[in-house]
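The following exercises concern the architecture of a multi-chain assembly and the contacts between its chains. Each task is followed by a solution in steps.

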Amino acid sequence: MIGLPAYLILGALVFSIGLFGVLTRRNAVGILLGIELMLNAVNINLVAFARFNGDVAGLVFTLFTISITVAEVAVGLAIVIAIFRVRRTVEADRLDLLRG
Amino acid sequence: MSTTVWLIPAFPLVGALLNIFFGGVIGRRAHWIAVPALAGSFLASCVLFANVVPGETLTTTLFAWVVAGDFETSVVAYIDPLTAVMLLVVTGVGALIHLYSVGYMHDDPGYARYFAYMNLFVFSMTMLVLAGNFLLLYVFWEAVGLCSYLLIGFWYTRPAAAQAGKKAFIVNRVGDFGFGLGIMWIWSAMGTLDYDRVFKGAAELPPATATGIALLLFMGACGKSAQLPLHTWLPDAMEGPTPVSALIHAATMVTAGVYMVARSRALFERSPVALEVVAWVGVATALFAATIALIQTDIKRVLAYSTVSQLGYMFTAVGLGAYAAGIFHLVTHAFFKALLFLGAGSVIHGLGGEQDLRKMGGLSSRMVTTTITTTIGALGLAGLPGLAGFFSKDEILAAAFVTGRRGIWALLLLGAFFTAFYTARMLFLAFYSGPRMTREAAHHVHEAPGVMTLPLAVLAVLTVISGVALGIPSEHGTRFARFLAPVFPVHDGGHGGFAALLVLVMAVLVFTAGIALAWVVYMAAPIRADAIGRPKTVVHALLLNAYYVDPLYDRVIVRPLLALSEFLARVFDLRLIDGLVNALGRSVVVWAAGIRHLQTGYTVNYALTMLAGAVAILAFLLSR
Amino acid sequence: MIPLVSLVTFLPGAAGLALLFVPRRSVGVLRVASLAITLVTFVLSLPLYFGFAGDISGYQFEENRPWMPTLGAAYHVGIDGISLLLVLLTTFLMPLALASAWGVIEDRLKEFMVTILILETGMLGVFVSLDLFLFYVFWEAMLIPMYFIIGVWGGPNRIYAAVKFVLYTMVGSVLMLVAILALYYQYGAATGRYTFDLPVLAQYVMAPGRAQDFMFLAFGLAFAIKVPLFPFHTWLPDAHVEAPTAGSVVLAGVLLKMGTYGFLRFCLPLFPDASLAFGPVVWTLAVIGVIYGAWVSTVQPDMKKLVAYSSVSHLGFVMLGIFTFNQQGLVGSLIQMVNHGLSTGALFLMVGMIYERRHSRLIADFGGLWRIVPAFSALFLVVVLSSLGLPGLNGFVGEFLILVGAFQRNPWLAALATSGIIFAAVYLLWMYQRVIFGEVTRDANLGLTDLTTREWAVLVPVVALIVWIGVYPVAFTGKTEATIEALIAQVEAKASAHR
């Protein structure tokens, strides 16, 4: 039987990969993908804890997270498209209108 | 009785209001309101005068005015013989001058406005005299100042007139500053401002407090009555119409200071120092102004300085404790000085606005009534034995002599010599010497209409008879003093024997000498216009420029204050205070400009910062 | 029982919001409706005056309803002798301010009317609140409309002035908020009851010391900026010069009074020891303000700036009176607040009238106006005289009572303050002389028209009140005597509780 730590390590790995993606990708779509990975790492943790604690709350949270993720991707991609229409680029580094 | 009292100010108030609000409609008919208002007021004053019971004081309250805690003042009238006499003078002379104005101002565009102001003045002046507490006195003290401001600046398009009006108001305010503080001190010390309670309580005041209060009150009197060092506004006030000068700046308002000091004698008598100051300021002003009057070329300025000088005499009398003599001089002065001003006004009117003595002369044949009446007024001022001024001035000189103040007596005698000289000089130059005006101007010279000469005649009669009727000295004081006896104690004795004779003889001598000298200088040989009032020596220049007091004030007070204000407004306020405020604002901007670079705009940087933050918080939590 | 105070307070704001539904094109409707609203508010506030019993010291027309019970904040309003006159002053001045903007404000008229009506509710709320929380809400809320009035309808430099006004005021208010909370917690810790209710808090006897001093200073700074007490006054000239006439009238007439009102309502009863301890500091600043304001006014080339600086001088008198802690000084201050609202409000109105005609406020651009506009000049004279404290008009009563009160505290200080009346005559009469007297120097002035019917309607009520207060001040002081007496007794009792 695989123990809880293995799930957590998997979650941490996925989270780290996602984080790495978010921090290193320059394309806005890539960043969104990284965020997806990070959210799913959280889902892995939630499901694992739910399974090992015998508690359904984690499963409920996961369902919420998934639905929010969907919404987030939809909005995120919409923004990216809107930006692309205006600026003809989705390179995050070039979107620096907020620079002080 | 109390109705009659309030009628006295009510008539002119109603007149003023009617002319203010309906002046546009009333226009040229303004005098049909103003003059009857004064006549009514005068009649009411006569009724009051006839009903005043010597030795009794009547007070009548209209309504409670300013109340705050135990500070309570009402609109209240205080009536005793002094009030009655003052009211009679104010409304009587006022009525005559109003009548005169009908002629003098007849084609002025501001006819209704003029009569509105004049009525307002008489209202304020009668209220000033009636006031039964110091706060009410102060109110109308300033109100007459306002009317004076308005009337001096009546011909507002003349910059000099507007300037003179403002100067009068501000110099008066300097005096009122002291007066106001004095009133506050009275209340702090005694808890009341009502005359009867203050005068009763004055006896228990500590002398130092009494001195302080009295000197502060006197400061107000100096402002209103143009005494040194606040005299500078009165000569400039001659920019106003001449009847105004006669009423306000000779007969009534300027004497308010004398009235106030005499009225508050209980306070002044508590402080010998204050009385001494009053007397010496009076002497100094009397001489100071008389010397300036010796050489002035503007007929109204001669009279203005003469007024300042005569007010000095009144203050000297009051300061010496000869209150009745001071008030008597106030009354006779009101007659003859109003007469002189109105006479001068008639001359100015006849010459089409000319006020320069250098361009007059020879008017005696062309303006007979004016010449006769003005000569009577001038002789009254100079002190011809038998006329009013002689008796009243003699009372003051005698008071100085019998109280042992020989120094003051001698100085006043010198002043009387100057008075006789400048009065005669003015008279000779205007009426009796050869004409010096242009042929064109001479052609237009005309006598004033009857509405103007009638008041002149009445005042001349008053000048002649009031001295004999009221001022013959006796063992128990003059008749006038006996009438005022309940208010002011009569100094028995002193009016007999060698001393009295000496005073009398010296006064007559000085009068004769002054007239004679003026005759020698101005009448013995024909005089050229450019020889008059020319600064031949340093002394001439000094006197001609009124001792340079105005330039001195300008250099020492006005300009430094203005410069300081400019500095405060442009440098201190804008640069320093506001500069600090703006610097504070800018410092925030500078600081923000420094930290704005943290905001790179790169999403990655934000994510990294978040990560670093999360790690730091985690590390902190784990390390605990 | 009609909740009269709430009605008066909220009517303008609510009706103002209703005006939002009026189409922007209906200019006439907007003007008439907003004027009608302020007039109705004024009429509704009259029963407050007539129904107010002057011999009772407590609050009257009180309304107390729970609002946020868990916080201890309540909707508690009411008026006493102090706020009554200020409420009336506000409701009286607002129609005049609106009428003065009648033909002047054309740009965004609807927004202007709505803003000014909301402002009225904010100001009235400040005066009637008896709950610190509620008070603070109104205090801050009224900033916003004023910010817009200066910033949107102001002169060329309006943004700078508006931002300065708001930031300056904010600095003080934030500190005041801290002090309100400190007081709230201190009272809660001491009694176990957490409340913002002013009458309750006022009963609390706080130990003198650092805590009380700091709270006094925090409240005091907020109020001193609003007054404005020297040296916190520099926002005032900018705000006045840039604000439209209606804004200046409200600013000078009502907003400045909030500062002095705050001292009377909060600082004195809540922090009596600190008030007494800091009294000499306040007098000194007040007297400096009296003289400084007058001197700086003297040399101003711009009439509006001159009047603005004269406010510094006049409110110096009010502050001096408040910190005399005696009946004469306090009654004088209160009446002087009303006087200043009327006289300075009227001065701003008249400067505004002349600005409308000539588009200049520089004294040097005028001269000889009496010949051209006699009625304007005559009324201007009355207003100028009232402002310089001529006896018989309103200004004198207040100033004299204040000076009498100050004289009992410190004669020398009173003497210095009294010199302010000389300088007031100097700067006002000099300005008047240069503008009104003399020959007409500029041809552009020849075509000026005299007062219109609307302007007469604006000025006559003010002048009538100026004369009325001057001649018969008891009608107003009579309503405040008992309140002031109780306030002084309270301050003295609390201050001596520790001795």
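**Exercise 1. Determine what share of the residues of chain B count as buried, and describe the overall make-up of this chain.**

Solution. The model is a predicted one.
- Step 1: a residue counts as buried if 20 or more other C-beta atoms lie within 10 Å of its own. Chain B has 624 residues, and 57% of them meet this criterion.
- Step 2: the secondary structure of chain B consists of 26 helices and two strands.
- Step 3: along the principal axes, the C-alpha atoms of chain B occupy a box of roughly 120 × 65 × 55 Å.
- Step 4: among the contacts in chain B with a separation of 6 or more, 80% join residues 24 or more positions apart.

**Exercise 2. Establish which pair of chains has the most contacts, and which chains do not touch.**

Solution.
- Step 1: two pairs of chains touch, and the pair with the most contacts is B and C.
- Step 2: chains A and C are not in contact, since 22 Å separates their nearest C-alpha atoms.
- Step 3: chain B also touches chain A, with 12 residues from chain B and 11 residues from chain A taking part. The chain B side of this contact comprises six nonpolar, five polar and one charged residues.

**Exercise 3. Analyse the side of chain B that touches chain C by element and by residue class.**

Solution.
- Step 1: the contact involves 38 residues from chain B and 42 residues from chain C.
- Step 2: on the chain B side, two or more residues each come from strand 1 (58-68), helix 6 (134-152), helix 7 (159-190) and helix 25 (549-595).
- Step 3: the greatest contribution on that side is made by helix 7 of chain B, with 14 residues.
- Step 4: sorted by class, the chain B side holds 26 nonpolar, six polar and six charged residues.

**Exercise 4. Classify the relative orientation of helix 2 and helix 4 of chain C, and identify the residues that make their contact.**

Solution.
- Step 1: the axes of helix 2 (residues 27-51) and helix 4 (residues 109-128) of chain C come within 10 Å and cross at roughly 10°.
- Step 2: angles under 35 degrees count as roughly parallel; therefore helix 2 of chain C is roughly parallel to helix 4 of chain C.
- Step 3: helix 2 of chain C contributes C:V27, C:L30, C:S34, C:I37, C:T38 and C:T41, while helix 4 of chain C contributes C:L109, C:K110, C:M113, C:L117 and C:E120.
- Step 4: the contact of these two helices has six nonpolar, three polar and two charged residues.

Conventions
Residues are numbered from 1 along each chain as its sequence is written. Chains are lettered from A and ligands numbered from 1 in the order in which they are written. This is a predicted model: local features need pLDDT of at least 70, side-chain atom pairs count only at pLDDT 80 or more; totals for chains, interfaces and linings use all residues. Two residues are in contact if their C-beta atoms, placed from the backbone, lie within 7 Å. Helices (H or I, at least four residues) and strands (E, at least two) are DSSP runs, numbered from the N terminus. Ala, Val, Leu, Ile, Met, Phe, Trp, Tyr, Cys and Pro count as nonpolar, Asp, Glu, Lys and Arg as charged, and the others, Gly among them, as polar. Axes are lines fitted to C-alpha atoms, for helices over the stretch in contact, and angles run from 0 to 180 degrees between N-to-C directions. Angles under 35 degrees count as roughly parallel, over 145 as roughly antiparallel, 65 to 115 as roughly perpendicular and the rest as oblique. A residue is buried if 20 or more other C-beta atoms lie within 10 Å of its own, exposed if 12 or fewer, and partly exposed in between; C-beta atoms are placed from the backbone.
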